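Work through the exercises below with the sequence and the model open. Try each task before reading its solution.

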Amino acid sequence: MDISFYYIERLVPAMMTLEQLSIFVAVAEREHLTRAAEAIGLTPSAVSSAIKTLERFYGVALFHRVGRRIELSETGRLFLSEAKATLARARAAELTLAELGGLQRGELNVYASQTIASYWLPPFLMQFHDQYPGITINLTIGNTKTVADAARGGAADIGFIEGDVDEPALAMREVAKDALVVVVAAKHPWADGRPLSARDLTTQSSWVLREAGSGTRSEFENAVRQAGGDPGKLRTALTLPANEAVITAVETGICATAVSSFAVSSLIAQGRLVRAGFHIRPRKFMMLRHKERRQTQSSLALEKLCIVSV
């Protein structure tokens, strides 16, 4: 062994690694060591050690330790965007190498809103897997804002949302249409199918709705406005982050909701929910990607499958 080299290696810490960056981003996004460790498959002690190594080597405090909690420091907040960008560039380089041999191996990061991910997209993902079994599909489910942010920031190779977003950096293309419907339980007064006005919506029933930022919530509020009503006057009893939770709450109570017909068609057929008499024009399912980032072969292949169905 070269003794001089050995001592230099032991005395001088290694420079920043991609693994350390990944660990930092995981902790920064959650501000919780244990949850970050679970998300990336490491032990909390390994995660803590990686963060301390970065801080010690560069002489900065990336996090504040407040009791048993941790919070991003101002330095950490400034560093977070650069860390994410570096990881995105490294991943792009890795994908370029992986794709030089064709679609034999690699990965595809797909972001989709809940309705699309739960009801419309899965058959296309299965077709993709059957054609390209060596490509790993990573599907992340979020609301419309989450998907758009991921496509803009480079985390998503391809995204799918309900409706449009005002984002100049993204290219969008329609891939399907969906009917948004107002539904109630069979015991609700609106179950008789009477025509409903916008005023009826704001005065005659309470509502269980998706969270702000979801495409479903946005499309429903637009429909209320177009009918001459004020969405701010809707009597919202509950705001829930998932279609399944919204549907269950309405099915067992006396509130109304607006959801995708994909999500409730079987329940309507079974008589467990009833479509109320308020018409909402069909909305679009949109595929989106960044205008300037190079598209991977795998994202182009999935895009082709989805476009053929239109």
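The exercises cover a helix face, two pockets and several salt bridges.

The model is predicted, so local features need pLDDT of at least 70, side-chain atom pairs count only at pLDDT 80 or more, and totals for chains, interfaces and linings use all residues. Residues are numbered from 1 along each chain as its sequence is written, and side-chain values use heavy atoms, with hydrogens and water left out.

**Exercise 1. Find the buried residues of helix α7 and state how they are arranged around its axis.**

Step 1. Helices here are DSSP runs of H or I with at least four residues, strands are runs of E with at least two, and both are numbered from the N terminus. Helix α7 covers residues 122-131.

Step 2. Apply the accessibility classes: buried is under 20% relative accessible area, exposed is over 50%, and partly exposed is in between (1.4 Å probe, protein chains only). The buried residues of α7 are F124, L125 and F128.

Step 3. Look down the axis of α7: the buried residues fall within an arc of 100°, so they line one face of the helix. The arc is taken from the directions from the helix axis to the C-beta atoms.

Step 4. The general background is that an α-helix has 3.6 residues a turn, so residues three or four places apart point the same way.

**Exercise 2. Describe the largest pocket: its volume, its lining and the element that gives the most to that lining.**

Step 1. A pocket is an open set of points on a 1 Å grid over the protein atoms alone, with protein on both sides within 12 Å along at least five of seven lines; a lining residue has an atom within 4 Å of a point. Grid points are joined across faces, edges and corners, and the volume is the space filled by probe spheres set on the points.

Step 2. The largest pocket holds about 780 Å³. Its lining has 26 residues, of which V25, E29, L87, Y111 and A155 are the closest to the centre.

Step 3. Elements giving two or more residues include α2 (18-30), α5 (74-99) and β3 (106-113). Helix α2 gives the most, with seven residues.

Step 4. Sort the lining into nonpolar (Ala, Val, Leu, Ile, Met, Phe, Trp, Tyr, Cys and Pro), charged (Asp, Glu, Lys and Arg) and polar (the others, Gly among them). The result is 12 nonpolar, seven polar and seven charged residues.

**Exercise 3. Do the same for the second largest pocket.**

Step 1. The volume is about 300 Å³. Of its 16 lining residues, the closest to the centre are A92, G154, D157, R293 and R294.

Step 2. Both α5 and β12 (283-290) give two or more residues, and α5 gives the most, with five.

Step 3. The lining divides into five nonpolar, five polar and six charged residues.

**Exercise 4. Which parts does the salt bridge between E31 and R77 tie together?**

Step 1. A salt bridge is a side-chain nitrogen of Lys or Arg within 4 Å of a carboxyl oxygen of Asp or Glu. The structure holds 16 of them, and the E31 and R77 side chains meet at 4.0 Å, N to O.

Step 2. E31 lies in the loop between α2 and α3 and R77 in helix α5, so the pair ties together parts 46 residues apart in sequence.

Step 3. E31 is partly exposed at 29%, and R77 is partly exposed at 48%.

Definitions and conventions. 1 Å grid on protein atoms, 1.4 Å probe; cavity = no way out; pocket = protein on both sides within 12 Å on 5 of 7 lines; lining within 4 Å.
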